[in-house]
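User: I should like to go through this structure step by step. Could we begin with the terms and then turn to the residues?

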Amino acid sequence: HKLSVMVSYVTLNTSSIHHVEQARFIAQLVTLGAQLVGKAFTQALREEFRAASATKKAAEQSGRDGANSVKASAYTGMSLEEAKQILNVRELNDLDAVAKNYEHLFKSNDKSVGGSFYLQSKIVRAKERIELELDKKISSDQIKPPETQSETKQN
């Protein structure tokens with residue numbers, strides 16, 4: 001009887017040691033995983049801060065126009081380059097292409113023809129972003145207003 005009690009004690013003791021080792025191993029895995037995720041998050045955050053800092057520096061270097069461009073991008077939620085890509089225009093001076101592409105894309109993405117409201121809203125924001133840039137250029141006399149351009153062509 002004493003022998004069977006000792007065997008069961010040794011078995012229980014050995015079993016509990018394995019459980020402790022398994023628990024320790026799992027705890028180490030969880031700790032290591034948390035450290036890796038924390039390091040990755042920290043690195044991503046640092047990169048985001050660097051990118052934001054670089055954007056801010058670029059805007060400051062380009063002066064007042066850069067600051068206005070950043071404000072316009074923040075207002076519409078997109079950069080001028082993205083707006084030009086969406087409306088498939090290369091030059092802002094080509095007002096006919098902007099209007100033509102806007103109308104075509106807006107109609108093509110109407111929900112009644114199976115289009116997407118999301119895409120329509122992106123198209124509208126792209127047009128607004130380009131219009132803000134044109135208004136800024138017209139007010140600073142970098143380009144002539146549309147009426148002046150058509151008068152120039154007639155002469």
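Analyst: Certainly. A helix here is a DSSP run of H or I covering at least four residues, and helices are numbered from the N terminus. Please note that this is a predicted model.

User: With that in mind, where do R129 and E133 lie?

Analyst: Both R129 and E133 belong to helix α5, and four residues, about one turn of the helix, set them apart.

User: What do R129 and E133 form, and how far apart are the closest N and O atoms?

Analyst: R129 and E133 form a salt bridge, with 3.0 Å between the closest N and O atoms.

User: Is R129 buried or exposed? And E133, buried or exposed?

Analyst: R129 is buried, because its relative accessible area is 0% and buried means under 20%. E133 has a relative accessible area of 7%, so E133 is buried as well.

User: How many salt bridges does a search of the whole structure find?

Analyst: The search finds five salt bridges. One of them joins E131 to K127, whose closest N and O atoms are 3.3 Å apart. These two residues are four residues apart in helix α5 (residues 117-139), so about one helical turn separates them.

User: How accessible are E131 and K127?

Analyst: E131 is partly exposed at a relative accessible area of 35%. K127 is also partly exposed, with a value of 25%.

User: Which salt bridge involves K84?

Analyst: The side chain of K84 meets that of E81 in a salt bridge, at 3.6 Å from N to O. E81 and K84 are three residues apart in helix α3 (residues 80-86), about one turn of the helix. K84 counts as buried, because its relative accessibility is 15% and the limit for buried is under 20%.

User: Changing topic: how many aromatic pairs does a search of the whole structure find?

Analyst: The search finds one aromatic pair. It consists of Y102 and F106, which are stacked, with 5.6 Å from centre to centre and 25° between the planes. The pair counts as stacked because planes under 30 degrees apart are classed that way.

User: Why are Y102 and F106 separated by about one helical turn?

Analyst: Y102 and F106 are four residues apart in helix α4 (residues 95-108), and therefore about one helical turn separates them. Y102 is buried, at 12% relative accessible area, whereas F106 is partly exposed, at 28%.

User: What lies over the face of Y102?

Analyst: K127 lies over that face, at 4.5 Å from the ring centre. K127 is also the residue that forms a salt bridge with E131.

User: Now the interior. How many residues does the largest nonpolar core have?

Analyst: The largest nonpolar core has 13 residues, and A83, L87, V89, L92, V98, A126 and I130 have the most contacts inside it. Helices α3, α4 and α5 are the elements that give two or more residues to this core. Its largest share, four residues, comes from α5.

User: And on the surface, which residues form a nonpolar patch?

Analyst: The patch is formed by F25, I26, L29 and V30, which together have about 410 Å² of accessible area.

User: Where does V30 lie, and is it buried or exposed?

Analyst: V30 lies in helix α1, which covers residues 2-61. V30 is exposed, because its relative accessible area is 55% and exposed means over 50%.

How values were computed. Residues are numbered from 1 along each chain as its sequence is written. This is a predicted model: local features need pLDDT of at least 70, side-chain atom pairs count only at pLDDT 80 or more; totals for chains, interfaces and linings use all residues. Side-chain values use heavy atoms; hydrogens and water are left out. Patches are made of residues with over 30% relative accessible area and no salt bridge: like charges are joined within 9 Å, nonpolar side chains (Val, Leu, Ile, Met, Phe, Trp, Tyr) within 5 Å. Accessible areas come from the Shrake-Rupley method with a 1.4 Å probe; for residues, only the protein chains shown count as cover. A salt bridge is a side-chain nitrogen of Lys or Arg within 4 Å of a carboxyl oxygen of Asp or Glu. Buried means under 20% relative accessible area, exposed over 50%, partly exposed in between (1.4 Å probe, protein chains only). Rings of Phe, Tyr and Trp (its six-membered ring) pair if their centres lie within 6.5 Å; planes under 30 degrees apart count as stacked, over 60 as edge-to-face and the rest as tilted. A charge sits over a ring if NZ of Lys or CZ of Arg is within 6 Å of the ring centre and within 35 degrees of the ring normal. A nonpolar core is a set of buried Ala, Val, Leu, Ile, Met, Phe, Trp, Tyr and Cys residues joined through side-chain atoms within 4.5 Å.
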